[in-house]
Amino acid sequence: NVRETLSYTWVGFVGIGLDFVIFLGIRSLYDIPPATASLISAGLAATLTFPLNARFTFKKKDDLHKRFVQYLLINGFGTILGATLVFVGFNLIGLNDRFAKAVATFIVAGTQFLLNKFVAFK
């Protein structure tokens, strides 16, 4: 459905923006590895985007506690996948940490949309 895809994309940009701002803030304030910063920033962004996706993208008001748990599990998977991709990109391939994060975010966003559409918000 085009409306869902556009709405998910809009909410996704909000989430990606939050994720990157938190990621960059953590990286500038604390001396922690990029993959760890990515785990923290993605987890916080996922928590903040759930209500937007529930209301605007998938228009669900029922079973929100159950959906939230599923959403967090899906985003947890995406967070681990993203952190792994950042680790590989930064530590093994030698990419800039911001570029590695951008590539990982793109891959994870598509994966999470499909899982959220067919699992958490079916």
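The lining of the largest pocket is made of 14 nonpolar, 13 polar and 2 charged residues. Keep in mind as you look around that this is a predicted model.

**The pocket**

So how does that pocket sit among the helices? Its volume is about 480 Å³. Among the 29 residues lining the largest pocket, Gly12, Ile16, Thr105, Ala109 and Gln112 come closest to the centre. Four helices join in: H1 (2–29), H2 (34–57), H3 (64–93) and H4 (97–120) each give at least two residues to the lining. If you wonder how such spaces get found at all, rolling a probe the size of a water molecule over the atoms shows where empty space is left.

**Two helices, end to end**

You can check a helix with a bit of arithmetic: take 1.5 Å a residue and compare the expected span with the distance between the end C-alpha atoms. Here are H1 and H3 side by side.

| Helix | Residues in helix | Expected span | End C-alpha distance |
|---|---|---|---|
| H1 | 28 residues | 40 Å | 40 Å |
| H3 | 30 residues | 44 Å | 40 Å |

For H1, the two values agree. For H3, they are counted as agreeing too.

**Helix H1**

Which residues of H1 are buried? They are Glu4, Ser7, Tyr8, Val11, Gly15, Asp19, Phe20, Phe23 and Ile26. Try tracing them along the helix, with this in mind: an α-helix has 3.6 residues a turn, so residues three or four places apart point the same way. The buried residues of H1 pack against H2 and H4.

Now zoom in on Gly15, which belongs to helix H1. Its relative accessible area is 10%, and because buried means under 20%, Gly15 counts as buried. Leaving out residues up to four places away in sequence, Gly15 touches Ala45 and Thr49. For a sense of distance, Gly15 and Val119 lie 104 residues apart in sequence, and their C-alpha atoms are 19 Å apart in space.

**Helix H3**

H3 has its own buried set: Arg67, Tyr71, Ile74, Asn75, Gly78, Thr79, Gly82, Ala83, Val86 and Gly89. These buried residues of H3 pack against H2 and H4. Right after H3 comes Gly94, with a positive phi near 90 degrees.

Arg67 is worth a stop. This residue is in helix H3, and its relative accessibility of 8% makes it buried. Who are its contacts? Not counting residues up to four places away in sequence, Arg67 touches Phe50, Lys60, Asp62, Ala120, Phe121 and Lys122.

**Aromatic rings**

Phe50 leads us to the rings. A pair of aromatic rings is described by the distance of the centres and the angle of the planes. The model has 8 aromatic pairs. One of them joins Phe50 and Phe68, edge-to-face, with 5.0 Å from centre to centre and 65 degrees between the planes. This pair links distant parts of the chain, since Phe50 sits in helix H2 and Phe68 in helix H3, 18 residues apart.

Is each partner buried or partly exposed? Phe50 has a relative accessible area of 8%, so it is buried. Phe68 comes in at 27% relative accessibility, so it is partly exposed.

Both rings also belong to one aromatic cluster, formed by Tyr8, Phe50, Phe58, Phe68, Tyr71, Phe113 and Phe121. Some of these names should ring a bell: Tyr8 is among the buried residues of H1, Tyr71 is among those of H3, and Phe121 is one of the residues that Arg67 touches.

Terms used. Residues numbered from 1 in each chain as written. Predicted model: local features only at pLDDT ≥ 70, side-chain atom pairs only at ≥ 80, totals over all residues. Heavy atoms only, no water. 1 Å grid on protein atoms, 1.4 Å probe; cavity = no way out; pocket = protein on both sides within 12 Å on 5 of 7 lines; lining within 4 Å. Points joined across faces, edges and corners; volume = space filled by probe spheres on them. Nonpolar A, V, L, I, M, F, W, Y, C, P; charged D, E, K, R; others polar. Expected span 1.5 Å × (residues − 1). Buried < 20%, exposed > 50% of the residue type's maximum accessible area, 1.4 Å probe, protein only. Contact = heavy atoms within 4.5 Å. Phe/Tyr/Trp six-rings, centres within 6.5 Å; stacked < 30°, edge-to-face > 60°.
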